[in-house]
Structure formats: C-alpha cells, structure tokens
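Here are a few friendly notes to read alongside the model. Keep the 3D view open and follow the points in order.

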Amino acid sequence: MSALIDRLVVATLPLVPKPIVKAVASRYVAGDTLEAALDKMRVLAAEGAMGTMDVLGESVTHRDQTVATRDQYLRTIDAIAASGLPANVSVKPTAVGLAIDPALALENCTEICSRAQSHGMFVRLDMEDSPYTEATVKLVLALKDRFEVGAVLQAYLKRSLSDIGRLLEKKVNVRICKGIYVEPRTIAWKDRQTIIRNFGALVDKQLAGGAYAAIATHDEACVQLALATIDRLGIPKDRYEFQMLLGVDPVLRKSLLDAGHRLRVYVPYGKDWYAYSTRRLKENPSMASTILRSVLGMAPATS
Ligand code: FDA
C-alpha cells in the first residue's frame, strides 16, 4: 500500500507547488548563493567532513548559460581557496555544454580545471544519463592528461566495469555510485541486489587497480562491501574516501568519520534547484509522507 502511495506521489510531483517542493527539499541544497554553500561547508568541516560543491543547473541548451555556469565555478573555486575549507568542486558536463557540443564542454572544463589547478584543487565531472556516458568518459580522459580530474561511474550501468578499466589505465580517481537516472533494461541492471554486487565489484576493481576510490552511497550494504574490500586488500586510509549527499543520513556520516575514514559531502547550491531536488525527493523512502504532510500544512515527521 505504501509503495502504491509513493508511486502516486512521485507521479504527481510535477503538480506539487514549487514553494512546497523547495521547502521539503531544502535539506538537500545548501541555498541559493555561494555564501550559503560556504556557510554549510564550515559546519561540515567542523564535523571533520570534506566537501565538494556543485553549482546547480544541467541540460543547458544555450552557450551563454554555459559561460555563466563556468564563471560561477571560477568564483566558487576562488572562494573555496580563499576560505581554506577542505572542499573541491563537482561539475555536471551538460551544465557546461556537453549537450550542445563536446568541444564547448571541453573548453569550459579546461578553464575550470586550470583555475582549480592554480589552487592545487581537484575537479570531478559528475555522470549524467546514458546519452552522455561515452562523451563524459572521453572528456575526463582528455582532461586527465593535464589536470587532477576525476570521473563518476554508475553501478547500475552494465558498461561500467569495462569503463573503469579504461579509466584505470590513466589511474583516474573514480566516484562509484549506484546511479540515479531512469535507464532501459538493455543497458542497466534493475535488480537492487545485482546493483549492490556491481557496486562492490567496481570498488574492488578500482582499489585493486591502484587508483583512488570515492565510495558514494548511503546504503549500509554498499558501505560494508567496500569496507570488506579495503580490509582484504589492506588499502590505506589516504587511498579512498566515502561520499554522501547533503541532507542524507547524518548518523551513517558520523559513524564513518568516527571510525577515522575520510568522508566528503556533496554540497549543491544555486537557483536551479528544482531538477536536483526532485531526484533527491524521489529516492527518499519517506518522500510520500513528507510531501503529503507539507501539502496538508502539517509539521514534518521526525527523520
Ligand atoms: P539507496 O538509494 O538504496 O539509499 C540507501 C538509504 O539511504 C535509503 O534507504 C535511505 O535510508 C537513505 N537515502 C538515500 N537517498 C535518500 C534521500 N534522498 N533522502 C533521504 N534518505 C535517503 N548519481 C549519478 O547518477 N551520477 C552522479 O554523478 C552521482 N553523484 C553522487 C555523488 C554523491 C556524493 C552521492 C552520495 C551520490 C551520487 N549520485 C550520483 C546518486 C547515487 O547514484 C544514488 O542515486 C544515491 O546515492 C542513492 O543511492 P544509495 O547508494 O544511497 O542507496
């Protein structure tokens, strides 16, 4: 029954007034401004966590928008460096032009990576939906010759085990996550346990291959598989980090930090919050009740 209600609320999410979506999704986004993101980063740094900042926006179709996003990344990188906070940046390739022209994305990413490099900062390119997988892998490989740049691979994609092999040839730092977009069964695993096993296999291949792994999950089963691999291979703590999203499972976050693991929180900010926020709401197990309580003007349930 509750799965049915969840599906109903997901289907009607576009009808929920944006102010309500914004209110219930506010835990996932640092705020509209760079200052808000830096404030959030200060709180996380006080907990012992690192951060990666994302300027919200994606699937951009106009060149001038990509330039505006690139410039906001340059300001973000300078501000992080000036603050001394333990943070870097994550960039969505379509926000800097991948859907318009791969050469434009390469040009914008080169500027972002050059600025980051001048501060000794790492840049990660997020992975979006499957029409962009190959172009994103190629973009990272092209940038890797000159910059400290990392990739993301999704455990639900059947091609990821082979892609990680390509990235390992250049020892690219890879963030391994389950994947959030809706993909066809021809190219993506659909069974939850299969995705978890593939997540474990990707972490294993990356670490055994001698490269740095960013283990991005809030799923205890994935965390446990990664810890078992780290233990079995005797991987030192500076060869991997856990990563979690802002607003998700602070208890797991604290337990990993308390155990001495490096942990980085994804800190998105900006005015284009809608697409990111609705993806997060859809994967929140208590999303239906959270939205319904807000629509009905009731206080949020504790979570
Ligand atoms: P799962 O979804 O099974 O969640 C495990 C548990 O975590 C849930 O049972 C719940 O308790 C909690 N939880 C998870 N999401 C929640 C939410 N939104 N609200 C409340 N509780 C929640 N994907 C992608 O395709 N490309 C990318 O570049 C990235 N980048 C990225 C960076 C980082 C730092 C993280 C942590 C994740 C991503 N992702 C991503 C998203 C990723 O693919 C995946 O969709 C989410 O991490 C959720 O998967 P879990 O492994 O957490 O498992």
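1. Start with the ligand: 26 residues surround it, and those that come nearest are Y28, M127, G179, T217 and H218. Bear in mind as you look that this is a predicted model.

2. Next, pick out some polar partners of the ligand. A backbone N or O atom of M127 lies 2.8 Å from a ligand nitrogen. R280 also uses a backbone N or O atom, placed 2.8 Å from a nitrogen of the ligand. With Q154 the side chain takes part: one of its polar atoms is 2.8 Å from a ligand oxygen.

3. How much of the ligand's accessible area does the protein cover? On its own the ligand has 940 Å², and the protein covers 86% of that. The space that the ligand takes up is the largest pocket.

4. Now see which elements form the shell around the ligand. Those giving two or more residues are β4 (149-154), β5 (174-177) and β7. The largest share comes from β7, with three residues.

5. From β7 you can step back along the chain to D238, which sits in the loop between α9 (220-233) and β7 (240-245). Is D238 buried or exposed? D238 has a relative accessible area of 53%, and the cut-off for exposed is over 50%, so D238 counts as exposed.

6. Last, look at what surrounds D238. Leaving out residues up to four places away in sequence, D238 touches Y212 and R262. For a sense of distance, find D39: D238 and D39 are 199 residues apart along the chain, and their C-alpha atoms are separated by 26 Å.

Methods: Residues are numbered from 1 along each chain as its sequence is written. This is a predicted model: local features need pLDDT of at least 70, side-chain atom pairs count only at pLDDT 80 or more; totals for chains, interfaces and linings use all residues. Side-chain values use heavy atoms; hydrogens and water are left out. Helices (H or I, at least four residues) and strands (E, at least two) are DSSP runs, numbered from the N terminus. Buried means under 20% relative accessible area, exposed over 50%, partly exposed in between (1.4 Å probe, protein chains only). Contact means heavy atoms within 4.5 Å. A residue is near a molecule or strand if one of its heavy atoms lies within 4 Å of it. A polar contact is a pair of N or O atoms within 3.5 Å; within protein, one must be able to donate a hydrogen and the other to accept it, and residues adjacent in sequence count only if both atoms are side-chain atoms. Accessible areas come from the Shrake-Rupley method with a 1.4 Å probe; for residues, only the protein chains shown count as cover. On a 1 Å grid over the protein atoms alone, a cavity is a set of points where a 1.4 Å probe fits but cannot get out, and a pocket is an open set with protein on both sides within 12 Å along at least five of seven lines; lining residues have an atom within 4 Å of a point. A molecule sits in a cavity or pocket if more than half of its atoms lie within 2 Å of its grid points.
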